[in-house]
Amino acid sequence: MACYYTLAAFYGFYVWKFKKTRKLKQELPIIHMPRRQYLPATVCFFLAWGAIYYILITWTNSTVPVLDSFTNALSFIGLWALARKYLEQWLFWMVVDVVCCMLYVQKGIPFKAGLYGLYVLIAIAGYYKWKKMTKITKYERV
């Protein structure tokens, strides 16, 4: 997982730093996730969820493989959406952070649960900040 998150960080850095809009050669604006991305993102999420679940039940001693794999798979989609500056990425992170918070409460790790509770608040604040900054473009209607 650490390898994936490292590669995703480099990918996100590349996209934010060097990827420009096609026509205006400006940095990518914050936009809504295009509708055409919903199906591929959903398929990738479910494939990742299944693959990670299989890995967890086969090679780890995870006591909550369904939710562990769920949060990791949704984090994959969240990182991709973050790299593309889609507003909806904050919604993905809110779900991930709420589920992680509940998992850590269940496992009796209150400080980590509190950290994820704080992440939920940060994601909510980030969502509203980005919502104000969202650009409406013709590309998101496709």
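This passage walks through a predicted model of a single chain, from its overall build to its fourth helix, its core and one of its pockets.

The overall picture comes first. The chain has five helices and zero strands, so that reading along the sequence gives the pattern α-α-α-α-α. Along its principal axes, the C-alpha trace spans about 50 × 30 × 25 Å. Of the 142 residues of the chain, 39% count as buried. Among contacts with a separation of 6 or more, 67% are made by residues 24 or more positions apart.

Helix α4 is a good place to begin a closer look. The helix runs from residue 89 to residue 106 and has 18 residues. From its first C-alpha to its last, α4 reaches 26 Å, close to the 26 Å expected at 1.5 Å a residue. Many names appear in the list of its buried residues, including Trp90, Trp93, Met94, Val99, Leu103 and Tyr104. Asp97, a further residue of α4, is buried as well. The buried residues of α4 pack against two helices, α3 and α5.

Gln89 belongs to helix α4. Gln89 counts as buried because its relative accessible area is 1%, and the cut-off for buried is under 20%. Leaving aside residues up to four places away in sequence, Gln89 touches Gly78, Ala81, Leu82 and Trp130. Phe92, also buried in α4, has contacts of its own to report. With residues up to four places away again not counted, Phe92 touches Met33, Leu74, Ile77, Gly78 and Ala81. Gly78 and Ala81 therefore appear in both lists, as partners of Gln89 and of Phe92.

The stretches on either side of α4 also deserve a visit. Before the helix, Lys85 lies in the loop between α3 (65–83) and α4 (89–106). Phi of Lys85 is near 60 degrees, which is a positive value in a residue other than glycine. Lys85 is buried because its relative accessible area, 7%, falls under the 20% cut-off. On the other side, just after α4, Gly108 takes a positive phi of about 75 degrees.

The nonpolar core brings several helices together. The largest nonpolar core holds 33 residues, of which Phe45, Ile52, Leu74, Trp90 and Phe92 touch the most other members. Helices α2 (38–59), α3, α4 and α5 (110–133) each supply at least two residues of this core. The most comes from α4, with nine residues. Phe92 and Leu74, both named among these well-connected core members, are also in contact with each other.

A pocket completes the tour. The second largest pocket has a volume of about 360 Å³. Its lining is made up of 18 residues, and those nearest its centre are Ser75, Val96, Asp97, Cys100 and Tyr116. Three of these, Val96, Asp97 and Cys100, are listed among the buried residues of α4. Helices α3, α4 and α5 each supply at least two residues of the lining. The largest share, seven residues, comes from α4. By class, the lining of this pocket has twelve nonpolar, three polar and three charged residues. Helix α4 thus gives the most to the largest nonpolar core and also provides the largest share of the lining of the second largest pocket.

Note on methods:
Residues are numbered from 1 along each chain as its sequence is written. This is a predicted model: local features need pLDDT of at least 70, side-chain atom pairs count only at pLDDT 80 or more; totals for chains, interfaces and linings use all residues. Side-chain values use heavy atoms; hydrogens and water are left out. Helices (H or I, at least four residues) and strands (E, at least two) are DSSP runs, numbered from the N terminus. Buried means under 20% relative accessible area, exposed over 50%, partly exposed in between (1.4 Å probe, protein chains only). A nonpolar core is a set of buried Ala, Val, Leu, Ile, Met, Phe, Trp, Tyr and Cys residues joined through side-chain atoms within 4.5 Å. Contact means heavy atoms within 4.5 Å. The expected span of a helix is 1.5 Å times one less than its number of residues. On a 1 Å grid over the protein atoms alone, a cavity is a set of points where a 1.4 Å probe fits but cannot get out, and a pocket is an open set with protein on both sides within 12 Å along at least five of seven lines; lining residues have an atom within 4 Å of a point. Grid points are joined across faces, edges and corners, and a volume is the space filled by probe spheres set on the points. Ala, Val, Leu, Ile, Met, Phe, Trp, Tyr, Cys and Pro count as nonpolar, Asp, Glu, Lys and Arg as charged, and the others, Gly among them, as polar.
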